[in-house]
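Me: Could you pick one part of this structure and take me through it closely, residue by residue where that helps? Feel free to carry on to other parts afterwards.

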Amino acid sequence: MSSSANHYVPNLRDIEFNLFEFLDIGRTSLGRAPFGDLDETSARQMLQTFSVLCANELAPSFDEAEHNPPKLENGVVTLPPGLKKSMAAFFDAGMHLLEQPPHLGGLGAPPSLGWAAFELMVGANASLAFYTLGNLLARIIDRLGTDAQKQRFLPHMLDKRWSGTMVLTEPDAGSDVGAARTKARPVGGDVWEIEGVKRFITNGDSDMSENVIHMVLARPEGGPPGTKGLSLFVVPKYWVNEDGSLGEHNGVVCTKLEKKMGLKGSVTCELTFGDGKPSRGLLLGEVHDGMRQMFYIIEQARMAVGVKSMATLSAGYQRALAFSKDRLQGADLLQARDKTAPRVPIFRHPDVRRMLMTQKAFAEGMRALCLYTASVQDGVELKGGHRATEAGEMDALNDMLLPLVKGYCSEKAYELLALSLQVHGGSGYLTDYPVEQYIRDQKIDTLYEGTTHIQALDLLMRKVARDGGATLQALLGQVRETAEGELGGKELQAERAALGKALGDLELMLGTLMGKLGESVYHVGLQGNRVLAGVAEVVIGWLLVRQAGVALERMKANPGDRAFYVGKLASARWYCAEVLPGLAHAARMVESGTLDLMEVPEESY
């Protein structure tokens, strides 16, 4: 199957299992304030309809930009026609209204349902997903903007399908956001003039929509150094008058398109603000609280990146599975010496089965992690929203899970997509098949929205340290309950034991690292990624074992779907037998870790 065909095979059955059988959002989230009145039946129908739309309307333009990439001429970026057609289909179907609150004309879907829908979109065509950022920015302005700013922007952002960007990075200030030099100067009221150059801006310009809303971090004149001195400004491509009508072109211009390894349909560009013509913006909420405000967007973006990685691995697995059943090659290994033995599909070969189950178990495990985290976000909203006092515990749990979703899923998916390609043999290396593009499109996920090690430092130095490890200990306490309980009876006895052993190894690893902090913080620098992976793998193992317990029960009640539930059991058993024992080795590596690497002379590298 060539990549120009409808390459995408969604795993809607597993998405529905997570949402409605495992997390039971029909009971816990749907129809409860502040969410809209969707019920389980309508939510299922919506996912099914969107799944068809993604496969039939969004997936066909997946590889178009490989041959006809976006072009920059005279400061204007034009997209290939297929991408615009696909994006129009998304908006025409009303999918941009799914997560908007009812008071903005949306369906008010909870995050769990929103992220499940996002998986379908980003799996079908990752480049398209980020052209929908304007929908998120509308919710951000709704939450953080002044009444006048809401009236000015919100109706048009949704009705006229305006796109949006998050604008942090500069040529000399990448991960070190606090080194930003873009300046802001007040010119009256909440209007400021912005001057500077930003780079690596995702979808910073296109002819997809009549306007682009840029959320720009800049330093007001006289502001202190570092991130504390940054403020957040709403800077439209075309000025938006107080009545919401469009004014003249604002002084923000796309001055360069990056040539990239992958994700070529997504415009990654340099934006220049205020070069020869003033670039005006409004101070969001009329408060100087830029980094804190931007983190509302960054946290959503980090979740999106983790879901994108999981969705891409799932798509790669589905392609590899289909190929393995069609491709005849060699005799069954039991008959390898018999030259007259019939050729069999490669699916019959043990090593191919090993590679397929590795992909299946991790894709399902990452989906479990992503949608479990999304359900925690449901809980945050049900208790008043991000940073609300009542939502404190759920908010802290979501904060701690995000580096796992972003950091672990992005790293592991890249590694496992190599297996998706390997199953294809030499064919996988050809552009005739989509997996080589999946790998290139996915690699960016370990890099943007905070590299993997930044996620590890965020987990250990901020999220765990912030409350002395209380949030992590509470989560690991739930893991212990499952490991020491009777879930699944004898059927899951070995899996519960493996989970308990891995939990002990993880606690040893964490305790050892905390002890070594007294010697040097370099130990976190050297071992942080290993610990991030360890936490993620134990949490995923816990979720897969619990899902296996649900599958055992559902198998009795729904024997017609037995093959699916047997597959859920197989994923959990493989993961507990093949992945969780690795925690013991990881713990030993942390225990024996030294600082020798920091003493090797630079010229000796």
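Reply: Let's start with Glu-193, whose bridge partner in β12 is Arg-280. Please keep in mind that this is a predicted model. The pairing of Glu-193 and Arg-280 belongs to a set of 4 bridges between β5 and strand β12 (residues 279-283), with the two strands running antiparallel.

Strand β5 covers residues 191-202, and 5 bridges tie it to strand β4 (residues 183-188), again in an antiparallel arrangement. Here Val-191 of β5 sits opposite Gly-188. The hairpin that β4 and β5 form has 2 residues between the strands, and in it Gly-189 adopts a positive phi near 65°.

A further partner of β5 is strand β11 (residues 268-273), also antiparallel and joined to β5 by 5 bridges. Within that pairing, Ile-201 has Cys-269 in β11 as its bridge partner. When you look along the strand, it helps to remember that side chains in a regular strand alternate between the two faces of the sheet.

Now to the helices, beginning with α1, which spans residues 12-22. Of its 11 residues, 10 are buried, so α1 is largely enclosed by the rest of the structure. Among the buried ones are Leu-12, Ile-15, Phe-17, Leu-19, Phe-20 and Phe-22, but also the acidic Asp-14 and Glu-21. The cover over these buried residues includes α2 (25-28), α3 (40-58), α6 (111-124), α11 (350-382), α17 (522-557) and α18 (562-578). After the helix comes Asp-24, with a positive phi near 55°.

Glu-16 is a good residue to zoom in on within α1. Its relative accessibility is 9%, and because the cut-off for buried is under 20%, Glu-16 counts as buried. Leaving aside residues up to four places away in sequence, Glu-16 touches Glu-21, Arg-44 and Gln-48.

Another glutamate to look at is Glu-436, found in helix α13 (residues 435-443). Glu-436 is buried as well, since its relative accessible area is 15% and the limit is under 20%. Its side chain makes a polar contact of 3.0 Å with the side chain of Arg-440. As a reminder, an α-helix has 3.6 residues a turn, so residues three or four places apart point the same way. Beyond residues up to four places away in sequence, Glu-436 touches Leu-421, Gly-428, Leu-430 and Thr-431.

Definitions and conventions: Residues are numbered from 1 along each chain as its sequence is written. This is a predicted model: local features need pLDDT of at least 70, side-chain atom pairs count only at pLDDT 80 or more; totals for chains, interfaces and linings use all residues. Side-chain values use heavy atoms; hydrogens and water are left out. Buried means under 20% relative accessible area, exposed over 50%, partly exposed in between (1.4 Å probe, protein chains only). A polar contact is a pair of N or O atoms within 3.5 Å; within protein, one must be able to donate a hydrogen and the other to accept it, and residues adjacent in sequence count only if both atoms are side-chain atoms. Contact means heavy atoms within 4.5 Å. Two strands pair if DSSP finds at least two bridges between them.
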